[in-house]
Amino acid sequence: MTQRTPIVGGNWKMNTNHRTAAELTRELAGGLERVGGVDVFIAPPFPYLLLVGAILRERGSRVVLAAQDVYFEPDGAFTGEVSIPMLQDCHVRSVIVGHSERRHVLGEHNETINRKLRAVLDAGLQGVLCVGETLAQREAGRTDDVNRMQLQECLAGIDAEHAERLVVAYEPVWAIGTGRTATPEDAQNAHHKIRGVLSGLFDEHVASRIRVQYGGSVKGSNALGLFAQGDVDGGLIGGASLKSAEFVQICQAAAQSARGA
């Protein structure tokens with residue numbers, strides 16, 4: 001079995017302001033200074049990318065600056081959108097695409113997500129592709145079918161070389177912001193099947209190297225149990241990433257899970 005370095009991401013969503021973003025970044029940089037064996041990225045809102053990135057560089061932090069979304073065209077008449085060259089100007093190295101809120105609140109389709117992901121990977125950045133089922137789909141027994149379809153359509157045209165910079169985040173939509181969390185066994189089952197789909201799209205070797213995060217209401221109290229599963233390679237963290245102590249605890253759990261593997 002390939003040993004994968006766990007990866008934990010903090011998605012701040014539409015939260016923080018100039019002051020709180022700076023404070024949180026400094027707290028995280030300090031709290032994570034001695035946490036090794038885990039890759040960490042944080043994705044602040046667009047207006048604070050330069051601020052957060054400057055603080056991370058000032059502190060010499062290994063935390064990677066990420067963006068919550070991007071548009072696939074490099075420039076043009078696309079009012080309100082942000083391009084990859086703009087993100088690169090802000091020292092962004094990782095981009096989240098296809099988050100459940102982009103899909104289910106803002107109406108993004110797999111074709112659009114695929115174009116975004118291809119542009120991100122073509123630019124040499126890390127792409128974090130989110131997939132996952134709604135409560136209705138889960139209750140209808142369609143979890144695996146939904147994940148398979150989203151993976152197949154969102155990864156269309158992406159070759160194995162680019163897949164080396166791919167991270168998949170499994171987001172059971174029914175467990176985001178609801179306080180409900182999949183059991184570690186539920187998460188492992190979904191992640192194992194996701195890796196099976198990746199094996200079919202690429203090959204077993206490539207699939208064994210792609211990290212699959214869990215993204216459904218991860219907290220400091222449940223992180224270790226989730227991350228101890230063989231196919232759960234860390235987490236994409238929402239609300240808990242806005243609390244520095246808890247986010248650091250989650251990162252520590254990911255590092256501990258790797259040491260115990």
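How many disulfides does the structure hold? The count is zero, and this holds for a model that is predicted. Two of the cysteines show why no such bond is found: the sulfur of Cys 154 lies 9.8 Å from the closest cysteine sulfur, that of Cys 130, which is too far for a bond, and the sulfur of Cys 251 is 17 Å from its closest cysteine sulfur, again in Cys 130, also too far for a bond. A disulfide would need the two sulfur atoms to be within 2.5 Å. Cys 154 is buried, with a relative accessibility of 0%, and Cys 251 is likewise buried at 0%.

## The chain as a whole

The secondary structure of the chain comes to twelve helices and eight strands. The radius of gyration of the chain is 17 Å, close to the 18 Å that the globule rule gives for 261 residues, and the chain is therefore as compact as a globular protein of that length. Measured out along its principal axes, the C-alpha trace spans about 45 × 45 × 35 Å. Of the 261 residues, 54% count as buried, and among the contacts with a separation of 6 or more, 75% join residues that stand 24 or more positions apart.

## The nonpolar cores

The largest nonpolar core has 74 residues, and those with the most contacts inside this core are Leu 129 and Leu 198. Helix 12, which covers residues 244-259, gives the most to this core, with seven residues. When residues up to four places away in sequence are not counted, Leu 198 touches Leu 151, Leu 155, Val 168, Asp 203, Ala 207, Ile 210 and Val 212. There is also a second, separate core of eleven residues, which includes Phe 41, Val 64, Val 167 and Leu 236.

## Aromatic pairs

A search of the whole structure finds three aromatic pairs, and two of them are set out here.

| Pair | Arrangement | Centre to centre | Angle between planes |
|---|---|---|---|
| Tyr 71 and Phe 72 | stacked | 4.4 Å | 25 degrees |
| Tyr 170 and Tyr 214 | tilted | 6.2 Å | 55 degrees |

The pair of Tyr 170 and Tyr 214 links distant parts of the chain, since Tyr 170 belongs to strand 6 (residues 166-170) and Tyr 214 to strand 7 (residues 211-214), 44 residues apart. Tyr 170 is buried, with a relative accessible area of 2%, and Tyr 214 is buried as well, with a relative accessible area of 0%. Both Tyr 71 and Phe 72 are also buried, and ring pairs link these two residues with Phe 78 into a cluster.

## The surroundings of Ser 241

Ser 241 is found in the loop between strand 8 (236-237) and helix 12. Is Ser 241 buried or exposed? With a relative accessible area of 0%, Ser 241 is buried, because residues under 20% relative accessible area count as buried. The side chain of Ser 241 reaches the backbone oxygen of Ile 237 at 3.4 Å, while the backbone oxygen of Gly 238 lies 2.6 Å from a polar atom of that side chain. Leaving aside its neighbours within four places in sequence, Ser 241 is in contact with Gly 10, Asn 11, Trp 12, Leu 24, Leu 28 and Phe 247.

## Helix 2 and its cover

In helix 2, which covers residues 49-58, the buried residues are Leu 49, Leu 51, Val 52, Gly 53, Ile 55 and Leu 56. What covers these buried residues includes helix 1 (18-31), strand 2 (39-43), strand 3 (64-67) and helix 3 (84-89). Just after helix 2, Gly 60 takes a positive phi of about 65 degrees.

## Positive phi in residues other than glycine

Most residues other than glycine have a negative phi. Lys 13, which lies in the loop between strand 1 (7-11) and helix 1, has a positive phi near 55 degrees although this residue is not a glycine. His 91 lies in the loop between helix 3 and strand 4 (94-97), and its phi, near 70 degrees, is again a positive value in a residue other than glycine. At 43% relative accessibility, His 91 counts as partly exposed, because partly exposed residues are those between the buried limit of 20% and the exposed limit of 50%.

Conventions:
Residues are numbered from 1 along each chain as its sequence is written. This is a predicted model: local features need pLDDT of at least 70, side-chain atom pairs count only at pLDDT 80 or more; totals for chains, interfaces and linings use all residues. Side-chain values use heavy atoms; hydrogens and water are left out. Rings of Phe, Tyr and Trp (its six-membered ring) pair if their centres lie within 6.5 Å; planes under 30 degrees apart count as stacked, over 60 as edge-to-face and the rest as tilted. Buried means under 20% relative accessible area, exposed over 50%, partly exposed in between (1.4 Å probe, protein chains only). Helices (H or I, at least four residues) and strands (E, at least two) are DSSP runs, numbered from the N terminus. A nonpolar core is a set of buried Ala, Val, Leu, Ile, Met, Phe, Trp, Tyr and Cys residues joined through side-chain atoms within 4.5 Å. Contact means heavy atoms within 4.5 Å. A polar contact is a pair of N or O atoms within 3.5 Å; within protein, one must be able to donate a hydrogen and the other to accept it, and residues adjacent in sequence count only if both atoms are side-chain atoms. The radius of gyration is taken over C-alpha atoms; the globule rule is 2.2 Å times the number of residues to the power 0.38.
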